[in-house]
Amino acid sequence: MASEQKPELFELNNGSMQVKITNYGATIVSLSVPDKDGNLADVVLGCDSLEPYLKGAVPFFGCIVGRVANRIKDGKFTLDGIEYQLPINKPPNSLHGGHEGFDKKIWEMVERIEGKIPSITFKYHSHDGEEGYPGDVTVTATYTLTSSTTMRLDMEALPENKPTPINLAQHTYWNLAGHSSGTILDHSIQIWASHITPVDQNTVPTGEIMPVKGTPFDFTTEKKIGSSIHEVGLGYDHNYVLDCGEEKEGLKHAARLKDPSSSRVLNLWTTAPGVQFYTANYVNGVSGKDGAVYGKHSGLCLETQGFPNAINEPKFPSIVVRPGEKYRHTMLFEFSVVE
């Protein structure tokens, strides 16, 4: 089955936006949307060919990470009295599912719909014991262009025979001025979160829920990303607690990102309780599309998610999914231009 799969590139196009996605990691390789003058630009960091992805030469560009996104402290957790040890691939923790998470797997393309509302569905079967996690899990991810400049991602996972933590995240790096335009420090962002989960020196949440008011983490009103980034060490890499956004169709407003040069706007909506706001602090000299070289802060991630290390923090919303239950996570990416 899976051994016969090979990495391929697929395109979704509705005439006004164009998205290229590979079944390797269900990864967004490019996404082009118009600016205020109608000019298309590719607003995601990525590579011209699939080779760098397959070689692990890109830091989670565009992929879906799992079985559990973000960090698990010391790579350990106990579930129903059984202790599990995961690979320590980001010492001293386990990150984004281990050495070979879902981002490094070839998913099966199971459905493709063309036309005015094009979509593509990928499926992956994660086996019991894979990267140390319990039980077999079937995962699907469907990307749909729901309107002229809106993309929806529906992620689902079904544990088949054992309870397991599941926390999938979409790890695209955005730069609304264009992928090769430099840093995102001039972008402004609003995040509908009045709290974050502060972290220790190894970027693992301490377990507390901290108000952002009066701190450099406060994006409850629109603010330039570069304005206080120097006050937070290398940059932002924090889980925001989505607790104050409006809702529509069961989705919470997570963030609104704006680029002043192109007037492009991204509104992000999600069903998840948190979003990791990450300003590409560790990206350094990565060779990208069209000869671009991506450096620090050349993009940003808005990874909606369950809280990092939730499996070890009883106060955080649970990420445990049991057989008979279904994990669901929807994200809506609405692109527009400032009038």
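How many bridges join β1 to strand β2? We'll get to that after a quick look at the whole chain.

## The chain as a whole

What you're looking at is a predicted model. Its secondary structure comes down to one helix and 30 strands.

How does its radius of gyration fit its length? A compact globule of 339 residues would have a value near 20 Å, and the chain has 19 Å, so the two agree. Along the principal axes, the C-alpha atoms fill a box of roughly 60 × 50 × 40 Å.

## Inside and outside

Of the chain's 339 residues, 57% count as buried, that is, with under 20% relative accessible area. As for the outside, the accessible surface comes to about 13,400 Å², and carbon and sulfur atoms account for 49% of that.

Contacts tell you how the sequence folds back on itself. Take the ones between residues at least 6 apart in sequence: 66% of these join residues at least 24 apart.

## A sheet of four strands

Now for a closer look at one sheet. It is open, has four strands in the order β1-β2-β3-β4, and its pairing is antiparallel. At the edges sit β1 (9-13) and β4 (40-42), each pairing on one side only. Ignoring direction, neighbouring strands here are turned by 15° against each other on average.

## Back to β1 and β2

So here's the answer to the opening question: five bridges join β1 to β2, which covers residues 18-22, and the two strands run antiparallel. You can pick out a pair of bridge partners yourself: find Phe10, then look across to Ile21 in β2.

Terms used
Residues are numbered from 1 along each chain as its sequence is written. This is a predicted model: local features need pLDDT of at least 70, side-chain atom pairs count only at pLDDT 80 or more; totals for chains, interfaces and linings use all residues. Side-chain values use heavy atoms; hydrogens and water are left out. Two strands pair if DSSP finds at least two bridges between them. Axes are lines fitted to C-alpha atoms, for helices over the stretch in contact, and angles run from 0 to 180 degrees between N-to-C directions. The radius of gyration is taken over C-alpha atoms; the globule rule is 2.2 Å times the number of residues to the power 0.38. Buried means under 20% relative accessible area, exposed over 50%, partly exposed in between (1.4 Å probe, protein chains only). Contact means heavy atoms within 4.5 Å. Accessible areas come from the Shrake-Rupley method with a 1.4 Å probe; for residues, only the protein chains shown count as cover.
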